[in-house]
Amino acid sequence: MKRKFTFFVSLFILLSIIQAVAQDVNDPKHENHFKKVKAIETDQYKIEISDAHAQQAFCQLKLKVTNKTNDYLFISPEEFVFTFDQGVYSPKPKGGLASLISGGLIIAPQKSKNFVAKVVDGANFHVENFDLEIKGLYIVSTNGEALVAEQFQLPANKNGFEVGGYRINLSDVSQRTQGTEAEFTCKYIGDKVGIFDPSKLVVSTEKGEFANMERKSKQHVMQKDDEVKFTAKFDIEGRILDMQFATMNIDWKDTFKESEKILQDSHKLSFEIDPGMTAGKNK
């Protein structure tokens, strides 16, 4: 008797789920939710996917990508391929985290980022299954090729220079007895990836070399047409050198590097509807 009761209870729950799905399936806002898929993991990265769901107007999922390397990981979401019975779609770039690669997502060494991959402007995404191919994964070495830039004289005898894929222009300069600040803009115009770190530069004087004291100096990963402003700041005691009248030279050391994007393997996943979750989410 107990077994029959358990059977009828289970049957009732199943029929309720089916009925709930059937009642709402024609609603444009009805969402189909999909079963969780296994994480993708290589020696370089880990990709975890969650909350895959679809309405008539869109299909989307969340990704958490962890960079396991000491290099940069680039991801180009608009290269992802969603395949449905009615066609093939890719996410559209919309600035910020989903900007183009040139752009895309840049994940620093040993860091993670979360983002949403979403396709829209299609026929009917309210499906029970679809496939996803994750493409557009690149590793960019933090080492790269160091570029040898000519030293830059202060007081300035020119307004800028180019080295590799970089274009540098002087914006402003101030030389005082105990302090000098030179403000620059750095634009990357190359076809590789620029790794630019103004904390590496020093000023060379008759009294020796002195480090850049600008605390905001940090490493920048630059792609074509990216531009950043930076400051070279030097504090030298007047008893050592009077910078107001001294001729000095900025020695760029390893400030400018270029690196290649190395394409990684793509990954194919299949998604199928989760009837129980779908019924629960549409209550």
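Q: What is the relative accessible area of Glu209?
A: Keep in mind that this is a predicted model. Glu209 falls in the partly exposed class, which sits between the cut-offs of under 20% for buried and over 50% for exposed. The value for Glu209 is 46%.

Q: Which residue forms a salt bridge with Glu209, with the closest N and O atoms 3.3 Å apart?
A: A salt bridge needs a side-chain nitrogen of Lys or Arg within 4 Å of a carboxyl oxygen of Asp or Glu, so a Glu has to look for a Lys or an Arg. Here the closest N and O atoms are 3.3 Å apart. The partner of Glu209 is Lys253.

Q: How many residues apart in sequence are the parts tied together by Glu209 and Lys253?
A: Glu209 belongs to strand β19 (residues 208–211). Lys253 sits in the loop between β22 (248–251) and β23. The pair therefore ties together two parts of the chain whose separation in sequence is 44 residues.

Q: Which residues are linked in a network of salt bridges?
A: Lys253 is partly exposed, with a relative accessible area of 38%. It meets Glu209 in one salt bridge and Asp251 in another, where N and O are 3.6 Å apart. Put these together and you get a network of Glu209, Asp251 and Lys253.

Q: Does Asp251 count as buried or exposed?
A: Look at its relative accessibility, which is 16%. The buried class is anything under 20%, so with 16% Asp251 counts as buried.

Q: What is the order of the strands in the open sheet that includes β13 and β22?
A: This sheet has four strands with antiparallel pairing. Its edges are β13 and β19, and each of these pairs on one side only. From one strand to the next, the twist averages 30°. Reading across, the order is β13-β22-β18-β19.

Q: Which residue in β22 is the bridge partner of Gln153?
A: Strand β13 (residues 152–154) pairs with β22 in the antiparallel sense over three bridges. Strand β18 (residues 202–205) also pairs with β22, again antiparallel and over three bridges. Ser204 stands opposite a β22 residue, Asn249, and the β22 partner of Gln153 is Asn249.

Q: Which side chain meets Lys158 in a salt bridge?
A: Lys158 is partly exposed, at 30% relative accessibility. Its partner is partly exposed too, with a relative accessible area of 42%. The N to O distance is 2.3 Å, and the side chain on the other end is Glu150.

Q: How far away from Lys257 is the nearest side chain of opposite charge?
A: Lys257 is part of strand β23 (residues 256–259). It is buried yet has no salt bridge; among the residues it touches are Thr142, Tyr166 and Ile195. The nearest opposite charge is on Asp254, beyond the 4 Å limit for a salt bridge. That distance is 5.2 Å.

Q: What are the edge strands of the open sheet β14-β15-β16-β21?
A: The sheet has four strands, and the pairing is antiparallel. An edge strand here is one that pairs on one side only. The two edge strands are β14 (160–163) and β21 (227–235).

Q: Which residue in β21 stands opposite Thr180?
A: Strand β16 covers residues 179–188, so Thr180 lies in it. β16 and β21 pair in the antiparallel sense over nine bridges. Opposite Thr180 in β21 you'll find Phe234.

Q: Which residues touch the most other members of the largest nonpolar core?
A: Nonpolar side chains tend to be buried together in soluble globular proteins. The largest core here has 32 residues, and its largest share, five residues, comes from strand β3 (residues 45–54). The members that touch the most others are Leu61, Leu63, Phe82, Phe130, Ile134 and Phe271.

Q: How many residues are in the second, separate core?
A: This core stands apart from the largest one. Its members include Leu154, Val228, Ile236 and Ile250. Its count of residues is 29.

How values were computed:
Residues are numbered from 1 along each chain as its sequence is written. This is a predicted model: local features need pLDDT of at least 70, side-chain atom pairs count only at pLDDT 80 or more; totals for chains, interfaces and linings use all residues. Side-chain values use heavy atoms; hydrogens and water are left out. Two strands pair if DSSP finds at least two bridges between them. Buried means under 20% relative accessible area, exposed over 50%, partly exposed in between (1.4 Å probe, protein chains only). Lys and Arg count as positive and Asp and Glu as negative; His and the chain ends are not counted. Contact means heavy atoms within 4.5 Å. A nonpolar core is a set of buried Ala, Val, Leu, Ile, Met, Phe, Trp, Tyr and Cys residues joined through side-chain atoms within 4.5 Å. Axes are lines fitted to C-alpha atoms, for helices over the stretch in contact, and angles run from 0 to 180 degrees between N-to-C directions. Lists of a residue's contacts leave out its neighbours within four places in sequence.
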